[in-house]
Amino acid sequence: MPDQLLSVQGLDVGYGRVPVVRAASLDVACGEIVTIIGANGSGKSTLLKAVAGLLRPSAGHVMLDGEDVTGLAPERLVRKGLAFVPEGRMLFGPMSVSENLALGAHTRRAAAEVATDLARVHALFPVLADRAGQPAATLSGGEQQMLAIARALMSRPRILLLDEPSLGLAPKVIADIFGVLDALRAEGLGIVLVEQDANLALRHAQHGHVMRSGRVVMSGTAAELAGNDDVRLIYLGVWHGDE
Amino acid sequence: MSRRLVGTIAPVLAVMVVLALPLVTTDRYLFKVLTFVGLNLIVVAGLALLFGYAGQISLGHAAFFGIGAYTVGYLTADGAVPWLIATLAATVLAALVGFTLALPMLRLKGHYLGMATLGFSEIMTVLFVEARGITGGNDGLRGIPYPVLGPFKIATPGGVYLLVWITAIIVLVLAGNLVRTRPGRALRALHGAELGAQACGIDTGRLRVQVFALSAGLAGLAGALYASSVGYVSPTTFSLEFSVLLVAMIVLGGTGSIAGPVAACVGLTLLPYVDALIPGLPREAVSFLQDWEADIAGIVMILVLLFAPGGVAGLIRSMTRAGDSR
């Protein structure tokens, strides 16, 4: 599989000695959204954190563009083109929107390229240009999520990891944000999307994985998963006769 | 716009007043008191970065001050080492000790970091007394020579005052510039959203060690200047009380600011000397202020934390914001 951008192979992750994720594998190609769905506590976020370098896996490999990056610190992974949008956004609240974006480009030195990317994220999220001087903490929830994604994009990633981007947001805002994710995917970005809202995730993803109790129990194209009876019943909430 | 103008003009005016003072007065006592203010400002500049910007508390900076002071005292006592080299050595040594201490403390935050630095401070206090061969024990070191820069011996209170304040101004300007640069932005990012900082590709562990070492080095520099200004060092100077006073300056001045802690540092350092600085003050008021100095500082600190957590800087910020009527 030479065109795989990110390849996670048999990853075991835990907190201390308590194993949370067992033997998780997934592949992401350029221009593809791969979603991880599953109930609360199924290990989705833990897996994502391990891929982002925030937790050290106890077994398995993370390959980025054919290079083994297992256990690398997050700041090294950012430099290699992997960006992470944490759950809860983790913005720099007292700092302005433009300072948050400048921090997103912390690893980059070429000012001209950074300026180009700033113009690009402003085009994707025009509201961030309007709010440039405002402290991040004063933004609405949706604007904060946009800023978190924009901040990650400022490192010019090839692969973007998103943890629960729809959490607590209004449907209209979710639609805007996922529209941008679709556009980024179309430009060739690889995206790993951890989502509780399986319906939403499977509508925008190409491939999906279902996690239960720390294991990937089902994998397939988004269409396959959306058509699978178990997935429909448990994660999509579709009962017999509904449609 | 007017706010920016004030922000540019005020420091320039302050620097001019500081540098012009020896032209208008020769009051030796005044120079000595102001020298202490300048020395504290150097430490506060480092602590403002460490505590005010990066959110890392230290209750051990008096110990770094002491390391700097004893290093200069030991090295220059019999004129063995030139003053400038001894001062640089003291700064580097304090920074190195800070670096070594910061490495194992990397995982600690908040109260735990406070406890660890407190422990370090207590260890150093004992060491200052017990390592008699170097520190002179309870008697301390005496006869430390005045600073000598090339052919110039800086042997008057006015000269020492100028040396300390010029150093303090340079340090403060550098610190003020640092927070506006790329590493300074990363430093501010560390405060509160460490996960976010990591997601931005900031090596948070390395940054924390760096800023701790930097602030320790600045405390060492201040201690070095103290030793050659005063001429002697004794272990009681570098107590926990001094560390707490330094932290109080940052809290009173306001985190995330350099100007606020500078103002608080000037105020708190001058408090014990009010009688000399304001001649008309009634005797009872003076003795009250001096007897209750620590209590006043403590009560003011509690009031600030309760009612103005942004400190002096926060109050000024909200006042100017209201004035701008935005």
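**Exercise 1. Count the salt bridges between chain B and chain A, and name the partners.**

Step 1: Set the rule. A salt bridge needs a side-chain nitrogen of Lys or Arg within 4 Å of a carboxyl oxygen of Asp or Glu. Keep in mind that this is a predicted model, where local features need pLDDT of at least 70 and side-chain atom pairs pLDDT 80 or more, while totals for chains, interfaces and linings use all residues. Residues are numbered from 1 along each chain as written, chains are lettered from A and ligands numbered from 1 in written order, and side-chain values use heavy atoms, without hydrogens or water.

Step 2: Apply it across the two chains. You get one salt bridge.

Step 3: Name it. Glu99(A) pairs with Arg188(B) through their side chains, at 2.7 Å from N to O.

Step 4: Place the chain B side. Helix 8 (182-190) and helix 9 (194-199) of chain B each give at least two residues to the side that touches chain A; helices here are DSSP runs (H or I, at least four residues) and strands likewise (E, at least two), numbered from the N terminus.

**Exercise 2. How much area do chain B and chain A bury between them, and which three residues of chain B supply the most?**

Step 1: Start with contacts (heavy atoms within 4.5 Å). On the chain B side 15 residues take part, facing 20 residues of chain A.

Step 2: Go to buried area, the accessible area (1.4 Å probe) lost on putting two parts together, summed over both. For this pair that's about 1,700 Å², with 65% of it on carbon and sulfur atoms.

Step 3: Pick out the big contributors. Arg182(B), Leu195(B) and Cys200(B) account for 36% of what chain B buries against chain A, more than any other three residues.

**Exercise 3. Which parts of chain A does the salt bridge of Glu113(A) tie together?**

Step 1: Get the total. Over all chains there are 12 salt bridges.

Step 2: Find the partner. Glu113(A) meets Arg156(A), with the closest N and O atoms 3.7 Å apart.

Step 3: Locate both ends. Glu113(A) sits in helix 4 (residues 111-124) of chain A and Arg156(A) in the loop between helix 6 (141-153) and strand 7 (159-163), so the pair ties together parts 43 residues apart in sequence.

**Exercise 4. What lines the largest cavity?**

Step 1: Define it. On a 1 Å grid over the protein atoms alone, a cavity is a set of points where a 1.4 Å probe fits but cannot get out, and lining residues have an atom within 4 Å of a point.

Step 2: Count and size. There are four cavities of 30 Å³ or more, and the largest has about 70 Å³ of space.

Step 3: List the lining. Leu50(B), Gln56(B), Ala102(B), Met105(B), Leu106(B), Leu113(B), Arg208(B), Val209(B) and Phe212(B) surround the largest cavity.

Step 4: Assign elements. Helix 4 (83-105) and helix 10 (204-230) of chain B each bring at least two of these residues, and helix 10 of chain B has the largest share, with three.

Definitions and conventions
1 Å grid on protein atoms, 1.4 Å probe; cavity = no way out; pocket = protein on both sides within 12 Å on 5 of 7 lines; lining within 4 Å. Points joined across faces, edges and corners; volume = space filled by probe spheres on them.
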